[in-house]
Amino acid sequence: MHMTLLRRKLTIPPVWEGAVRRERLVSMLNTAIKAGSHVAMIAGSGYGKTTLLADWCRQQDRNAAWLSLDSEDADLDTFLAYLLATIESVLPGFHSEAHGLLERSRERQGALATLTTLLADLDEQVDRAILLVLDDYHLAESSSLNELIVRLIKYLPARIRLVLASRTIPEIKLRAWQVKRELCVLGEVELAFDLNELKKLRPDLLAEQLSPLLASSGGWPAALGMTPGMLDAYLDEQVLQGQPAEIKHFLALAAIAESFDAKFCEEALGIPFTDERRDWLLRHRLILPLGEERFELPQPVRNMLRRRGLPDISRADRLVWQRRIGDYFWGQGQALSAIRCWIEAEEADRAAKRIVDIAEEWLQAGRLEALAHVIDAVGTAGKQPELWLAEGEIHRRWGDFERAQERFEKALAGFTATGHEYGKALSYLRQAQAFASCGRVDSARDNLAKVKPTLASNDRWQADMLNLEGGLELLAGHAKCAAEHFEASLRLARRMNAPYVEARAAHNLGVCYTKLGEFRQALGYYDAALSCGQKQDVPMVWMTPINRALVLIYLERVAQAQAAAEQALEMVRRFKLAREEGYALRTLGYAYVKQNEFDRAASCFEAAEQLARRASDHLGIAYSLNYRADLAAISGESETALRLSAEAMELASGAETLVHTTEFAHVRAKILVSAGRHAEAQPLIESLLSLASNSGYKYLQHEVERLSGTVARSEKRLDDAERREQLARELAASEGYGVAAAFSQTRITPELTIRCFGGMKIIRQGSEIGEREWQSARAKLLLAFLLCHPEGATKSRLLEALYASESTTEASLHMNLMRLRKALEPELEKGQPSRYVLRSEGLYVFNRQARVWFDVWSFENALRATPPGREAAEIRQLRLALELYAGDFLPEFDNDWVIALRQRFRDRALGACRRLIVLLGESEPSGTLEVVQRALEIDPLAEEFHREIILRFLESEEPHRALEHYQLCERRYQEMLGMNPPEDLAMLVAGLRNHLKSWET
């Protein structure tokens, strides 16, 4: 049989000049190939599959055989003819009896026989690593061709790796190959651009423009380089054209919703969502799974259909559909989706009324960003005063008091115009809370006086007013009086069964007892506030975990405080709470100070200051400067400390509160004493002692008595010094803080010590939990999953994580949950809630507030907290991270999510090695060899580190050691991959053997 072949199909396509080099994906591909896997790249149009593969193939030191498929290749003898030609392009001497069998390949059995002969010949003749790339497989796919591909995956020689790129999911059992780790599948998630790649693609954009663009496009490469008009035309041509009319109609309606399920399709759209339709849409990548039988359209397709719609759906019809879908969502309790649909249906008034119905509930639930989004979507024209009030409260909680007051004024004007006395009172109350938040006590008191007659009969607002009155007393330095107000609010909240109000009152009582220096009692109230939130499925007051961490520092439980502060920081960042983020950063920095980690502390204080400056939060700036001043004094930089302290006190002077000025005066006094300026410090010390004694602030009294003792001792007033120091010791002993400096590094033994690097090991109260106690390996796997997913998981997500594609029921999950709880807490009674595994809003989560040490958390914290620009501290942190990385993550399990995390942690550990080599190369060249060897322990096949170590031996004129290492490298590659090391390594030592032999002779 003679067949004319198109050589262009056998040629690696050119890569356009402006293409971004995607090192992240190239690394993933190299890792998969090194591990002996084939690769399937499955993603819709415009994800850059061909460009990536072409660029990758051109980088390889191995040969790449390329075949671009089209519809004609569905014919088996055509496909086999091209396949033979593809292989011959990289193995010119390849010959096969298969050439004579091509005539029989039209029949299925003949094609299989031909392929079998080809594979047998390849097994004998292939002498080097080869990539066999089949691009655009979706154009040629057929059931017969799928059968041939399965055989290729199964029987290709070990030195040939198959790479298949397709827009649709081939109808072969990819999952089975993945589980056996013989196939690596890259999809839209992996192929989407990340922020670093977008920076390279769009260097014309500012940093603040990149994230919104990435979010709106979903990282889809085609969307990032085109205008909306160009993109719409591209999608219409590449995705919609050729689809059946009923499919296009379904997609246009489904695009109105963010996501959908079968019930939505049937009840809202009136279109049955059969299993056949679902499977067809999934296979053609027109919908994407979200879990729990929910789906979404690819974001660029959804955006395009929202912008343009379809010709057969008029604008009027589309508005009718949007109203109908909005009604459906509201009936299902999906308020956010419903409101968005009504706004898009040009029914802003209806949406505004519904927002008023949910505003208070969302404020209590902490859904600030979602509420701000829907309020903003309504627009300003004709906005109801209730919405101005809700928007002002959002800004108050975000710490933007200027905008908050502006919104409250508009709400007040609206309520005044309509004669709505209740609304006016609420506006005054919210204004008073905003004034109190920024320290304007007198203004807050004036507003509070205006609302009492109107709101006093309403328990809900009475509790709020009691909290506000307590807060004002606290700001004035009357903590005991404040506690009485908060206790009254707490009783009222419990009588109303209002968990959110109860949590806030408990939090405020914690603040009172913190100020009074009664830290154990304060800790109890903070724990009560957190517990209230967890049990009642309502959010905690955001400052509670931050204040709790601060109290732990005062109690000298520094390691526990650091962990709590890190968790609090992660949480407030997730909810974009700028003011609370500043407090969390300062608290974390204080914990670092207590551990003598001054570089890390400085980074936290500086970040908090920058955050406060961006938000024009003068009090936040002052606090950050005050902490920096204290740190500068500890570091012996007296002049810097005094300058920062003066600036902080000037900024804080605008806050009409005694509490704030007290804290700044205390730091100022410490700095003056450390600088030896006792005469200037003495008036401040006396004033602080008087205030502490009158207000009952025991901790402040303890600190200032110590300070006064230091001054007396330096001035040789030894009796006075002894008296002051003795009083400070008595205060410390009675309240459990201010322990001697020798104990400031005390570590609290965790209840659980959990290691997953190098194999899972759990220590409970000093003893390892044995296999018999676990009863099941899946219970351990469940624990690891919850630890590594702080956002929590639904039952279906946990079942997928534990059982992958296995068929099982929720009963199996419940059994493993019971085993997990029993292993961690053997004393747990039936029906008693676990303190480790919590359930909230349908999600299972691990309680990160518990006394638990987890090596993965510490590893990531060590890398995350590395302060750039401070080399000594950075080196310490990187070495700590590598010490914690004791081996691969959970090597005893092979679930997909474990494998993904294992590779991620391994990559991060190797990244730490690379950074250490750079740092040590500048300050400690001899230490780099140890780091390179550590990297090769982590990844024995890491070519760059083999090259590094060989080069170092050659540079130090140790050719024998260079050759010995190359021989070791050869053995590893042969044992693990059955191949020789890359050619560039061989070239490094080329000629060394002969050189050494002649030299020895």
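In strand β10 (residues 767-768), the bridge partner of Ile-763 is Glu-768, and two bridges join β9 to β10, the two strands running antiparallel. This is a predicted model, in which local features need pLDDT of at least 70 and side-chain atom pairs count only at pLDDT 80 or more, while totals for chains, interfaces and linings use all residues. Residues are numbered from 1 along each chain as its sequence is written, and side-chain values use heavy atoms, with hydrogens and water left out. Helices (H or I, at least four residues) and strands (E, at least two) are DSSP runs numbered from the N terminus, and two strands pair if DSSP finds at least two bridges between them.

**Strands around β9**

- Side chains alternate along β9 (residues 761-764), where Ile-762 and Arg-764 point to one face and are buried, whereas Lys-761 and Ile-763 point to the other and are not; buried means under 20% relative accessible area, exposed over 50%, and partly exposed in between, with a 1.4 Å probe and protein chains only.
- The hairpin of β9 and β10 has two residues between the strands, and in this hairpin Gln-765 takes a positive phi near 50 degrees.
- Strand β8 (residues 752-755) pairs with β9 in the antiparallel sense over four bridges, with Leu-752 opposite Arg-764 and Arg-755 opposite Lys-761.
- Five residues lie between the strands in the hairpin of β8 and β9, where Gly-758 takes a positive phi near 85 degrees.
- β8 also pairs in the parallel sense with strand β13 (residues 852-854) over three bridges, and Trp-853 in β13 is the bridge partner of Thr-753.

**The five-stranded sheet**

- An open sheet of five strands follows the order β2-β3-β4-β1-β5 with parallel pairing.
- β2 (63-68) and β5 (183-186) stand at the edges with a single partner strand each, so one side of each is left without a neighbour in the sheet.
- From one strand to the next, the twist averages 15 degrees; axes are lines fitted to C-alpha atoms, for helices over the stretch in contact, and angles run from 0 to 180 degrees between N-to-C directions.
- Within this order, β1 (residues 38-42) and β4 (residues 160-166) pair in the parallel sense over four bridges, and Val-39 has Val-163 in β4 as its bridge partner.
- Helix α6 (residues 143-155) lies across β1, β3 (130-135) and β4, and runs at about 145 degrees to β4.

**Nonpolar cores**

- The largest nonpolar core has 166 residues, and those with the most contacts inside it are Phe-250, Leu-251, Phe-260, Phe-264, Leu-297, Leu-371 and Ile-685; such a core is a set of buried Ala, Val, Leu, Ile, Met, Phe, Trp, Tyr and Cys residues joined through side-chain atoms within 4.5 Å.
- Helix α33 (residues 618-634) gives the largest share of this core, nine residues.
- A second, separate core of 77 residues includes Leu-787, Leu-901, Ile-938 and Cys-969.

**Buried helix residues**

- In helix α13 (residues 245-254), the buried residues include Ile-247, Phe-250 and Leu-251, and what covers the buried residues of α13 includes α12 (228-240), α14 (262-269) and α15 (275-283), contact meaning heavy atoms within 4.5 Å.
- The buried residues of helix α41 (residues 795-803) are Lys-795, Leu-798, Leu-799, Ala-801, Leu-802 and Tyr-803.
- These residues cover an arc of only 165 degrees around the axis, which puts them on the same side of α41, the arc being that of the directions from the helix axis to the C-beta atoms.
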